[in-house]
Amino acid sequence: MKTVRITLSIVVALVFMLSAVGCAPKATVAPPPAVPVVVKNSGGYVIPVAKCAPNCKYSDMTLGFIQTGSEGGWRAANTGSFNETSKQLGLNLKFYDAQNKFENQISAFRNFIQDPDVNVIVLSALEAAGWDEVLQEAKAAKKLVVLQDRRIDSSEALYLTFIGADFVEEGRKAGNEMCKLLKDSAKKNVVELVGNVGSSAAIDRGKGFRETMTECGIVITQSQTGNWSATEGKAVMEAWLKQSKDIQGVFAQNDEMGIGAAQATNEAGLKAGTDIKILSVDATAGAFNAMIKGDINTVVECNPLLAPQVFEAALKGLNGDATLPAWIPSQEGVFYAADAATILPTRKY
Ligand code: GYE
């Protein structure tokens, strides 16, 4: 009997010791520490980190996209990039076409803020000013905001990042290229077809052009909006040619307006691309065809295929990645009529 008690107490002691030195069954591995609540990026934007972080996937993303409208080739390529890429990645895209009305964009922004499914809002701003209020509301509602295509005047602390072109640099390139086109011309009177008034694209391209045009003595004799359209661009150019044919160059802030100006020039009995040099911005297929026809001489590219970068940035934001810069500029080139026929087949838009 005594032996049994001694054996039992030895077994009990052994079990205790074994559990003390960890032979006890393995405790489960603690999950990685939750992403800290307040994450700020270099622009000072407090990122509303999603509950699925740090393992959010595209299928966790419902993205409200506020587009400007459907004005021309560049816009069609940009919208196409969002529709195609969102399907490929399996994210839920809620697309809104503002029909080029600023007030529509503001109300759409508020609707997406109210929409419980939407966790990301992407904006292509018709105008640079007027966004502080709704951006503050989005911040309060913890909706992640990403800008694409056009910058705005609001503080970087109100959005995750801006993915888009350096429009000022596009304008500088246009000024340099117009100088090359007019190098043998004694007079350098240039007329400017401007994009929609108040947009960063129009403001910045005009600013950049005026910075470099001085290098060769270009004078802007006329400047007016053609609202990114071939029809309006043509009508404005017709009116200018009625006033004076003493025009050596056209700086069209997008391809459609450049194509319209060429039509007006040819219909006025002059030769577009020869008597009057024409330069446009975007580099859509329409511009390449106009270059092949000899109507447009040079095109400064503006890349519309921005969706992959936008979605990648939004996913990083949902996962609390604060390493994104406040601006992710797109890569762009310049194209000339001489190479247009060769290059056109390689173009995606
Ligand atoms: O140049 C024009 C479009 O925002 C970069 O908008 C875009 C501009 C583009 O209507 O064709």
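**A tour from α2 to β14**

Begin by selecting α2 and α10, two helices that are oblique to each other (the class left once angles under 35, over 145 and from 65 to 115 degrees are set aside). Their packing angle is about 50° and their axes lie 9 Å apart, the axes being lines fitted to C-alpha atoms over the stretch in contact, with angles from 0 to 180 degrees between N-to-C directions. This is a predicted model, in which local features need pLDDT of at least 70 and side-chain atom pairs pLDDT 80 or more, while totals for chains, interfaces and linings use all residues. Residues are numbered from 1 along each chain, and side-chain values use heavy atoms, without hydrogens or water.

On α2 (residues 73-89), display Ser-81, Phe-82, Thr-85, Ser-86 and Leu-89, which make the contact (heavy atoms within 4.5 Å) with Ala-307, Pro-308, Val-310 and Phe-311 of α10. Helices (H or I, at least four residues) and strands (E, at least two) are DSSP runs.

Stay with α10 (307-318) and move into the largest nonpolar core, where Met-61, Leu-63, Phe-109 and Trp-131 touch the most other members among its 49 residues. Such a core joins buried nonpolar residues through side-chain atoms within 4.5 Å. At least two residues of this core come from each of several elements, including β3 (62-67), α3 (102-114), α4 (132-140) and β6 (144-149), but α10 gives the most, with seven residues. Centre the view on Met-61 and, leaving aside neighbours within four places in sequence, you will find Met-61 in contact with Leu-91, Asn-92, Asn-119, Val-120, Phe-311, Ala-314, Leu-315 and Leu-318. Apart from this core lies another, of 43 residues, among them Val-236, Ala-252, Met-257 and Met-291.

Next, select helix α7 (residues 230-243) and helix α8 (residues 255-267), which pack at about 40° with their axes 7 Å apart; α7 and α8 are therefore oblique to each other. From α7, show Ala-230, Gly-233, Lys-234, Met-237, Glu-238 and Leu-241, and from α8 their partners, including Glu-256, Met-257, Gly-260, Ala-261 and Ala-264.

Finish at Val-334, which sits in strand β14 (residues 334-336). With a relative accessible area of 23%, Val-334 is partly exposed (buried is under 20%, exposed over 50%, 1.4 Å probe). Beyond neighbours within four places in sequence, Val-334 is in contact with Lys-173, Glu-177, Thr-298, Val-299 and Val-300. Add Glu-170 to the view: Glu-170 and Val-334 are 164 residues apart in sequence, while their C-alpha atoms are 9.2 Å apart in space.
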